[in-house]
Amino acid sequence: MQEIHEEHKGVTYQTIHEDDAGIRADNYLIKVLKGVPKSMIYRILRKGEVRVNKKRIKPEYKLQSGDEIRIPPLRMSDAKVVLPSANLDKVSALKDAVLYENDGLMVINKPCFMPVHGGSGVSYGVIEALRSLRSDLHFLELAHRLDRETSGCLIIAKKRSVLRQLHEQFREKNMQKQYLALVRGEFSKRITTVRAPLLKNVLMSGERVVRVDEVNGKPSVTDFKIREKFHNVTLVEAWPHTGRTHQIRVHLAYKSHPILGDDKYGDAEFDKNYVSLGLDRMFLHAEHITFTDPVINKEVTVYAPLPDDLEKLLQNIREKEGVADV
């Protein structure tokens with residue numbers, strides 16, 4: 001590992017994703033400014049150096065989706081930013097994971113088990129790995145997120161102007177994402193849309209747990225379509241219309257069709273039947289993403305092929321269970 005002492009240079013602006021809507025400004029800064037003492041965070045808030053939509057805010061201000069937060073330059077003499085060596089196998093593999101790229105952005109096929117960014121006991125993630133591989137690029141930021149266990153299409157912005165336009169598309173729901181999930185049981189054709197409000201709870205450990213809550217949950221909508229039926233499991237397409245934490249996973253579990261390999265919302269006992277066939281992680285893959293590329297001002301669709309391990313698992317299931325009529 002290569003350790004780099006980094007000083008944050010210049011003012012930075014971040015657009016609040018709907019997943020962070022409702023979080024207090026002080027808690028958001030504590031989360032994103034890892035290594036910065038809380039006393040410094042409260043000082044810059046008190047002095048008005050942090051602005052939201054060009055206005056001063058108090059620590060208890062609750063951020064809203066689409067808010068633009070201004071963060072002043074901070075000198076973090078004790079904070080270390082860890083970048084992985086570009087020669088590590090996992091990092092080097094990202095060179096071949098780029099599905100689409102131009103001057104303003106790239107779309108990669110994110111490997112499973114690699115978080116989108118470091119933190120919470122993880123030394124590095126996709127964004128740190130790409131910054132190590134592409135040291136010639138001065139700006140690389142995530143346009144959205146995928147869970148650590150989820151593979152597939154992930155957009156990385158290479159310019160701040162592009163990042164803002166991509167965030168705008170997310171806010172206006174002009175971006176379409178389609179996932180593949182292998183779920184327990186025979187999925188009904190009648191389950192075409194799930195509307196179930198979701199409430200996120202953050203445990204003391206920092207772990208995020210989401211549940212359906214009709215009273216306090218945020219509106220959440222996912223469309224589903226059967227791709228392939230087997231005798232005991234079903235491969236489904238999922239089209240989320242909202243971007244809540246763990247949305248697809250919780251909606252499927254809510255309908256009694258948990259995703260195979262999901263260690264948070266799944267059925268561990270049922271999953272044991274598929275370990276011998278190759279199941280060793282959650283079967284959730286971001287297969288397609290459609291958006292307007294701000295660089296060329298045209299709609300593009302990027303496809304991420306199913307990883308070899310998931311393709312092999314499906315083939316083994318076909319051979320053992322056979323394909324059922326849809």
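**Cavity lining and nonpolar core**

Trainee: Which elements each supply at least two residues of the lining of the largest cavity?

Mentor: β2 (12-15) and α5 (160-171) do. Helices (H or I, at least four residues) and strands (E, at least two) are DSSP runs, numbered from the N terminus. This is a predicted model: local features need pLDDT of at least 70 and side-chain atom pairs pLDDT 80 or more, while totals for chains, interfaces and linings use all residues. Residues are numbered from 1 along each chain as its sequence is written, and side-chain values use heavy atoms, without hydrogens and water.

Trainee: Why is this space called a cavity?

Mentor: On a 1 Å grid over the protein atoms alone, a cavity is a set of points where a 1.4 Å probe fits but cannot get out; lining residues have an atom within 4 Å of a point. The count is 1 cavity of 30 Å³ or more, and the largest holds about 40 Å³, a volume being the space filled by probe spheres set on points joined across faces, edges and corners. Its lining includes Tyr13, Glu68 and His167, and α5 gives the largest share, 4 residues.

Trainee: What makes Phe283 stand out in the largest nonpolar core?

Mentor: A nonpolar core is a set of buried Ala, Val, Leu, Ile, Met, Phe, Trp, Tyr and Cys residues joined through side-chain atoms within 4.5 Å, where buried means under 20% relative accessible area (1.4 Å probe, protein chains only). Of the 51 residues in this core, Leu182, Ile259 and Phe283 touch the most other members. Beyond four places in sequence, Phe283 has contacts (heavy atoms within 4.5 Å) with residues including Leu182, Ile259 and Leu310.

Methods:
Buried means under 20% relative accessible area, exposed over 50%, partly exposed in between (1.4 Å probe, protein chains only). On a 1 Å grid over the protein atoms alone, a cavity is a set of points where a 1.4 Å probe fits but cannot get out, and a pocket is an open set with protein on both sides within 12 Å along at least five of seven lines; lining residues have an atom within 4 Å of a point.
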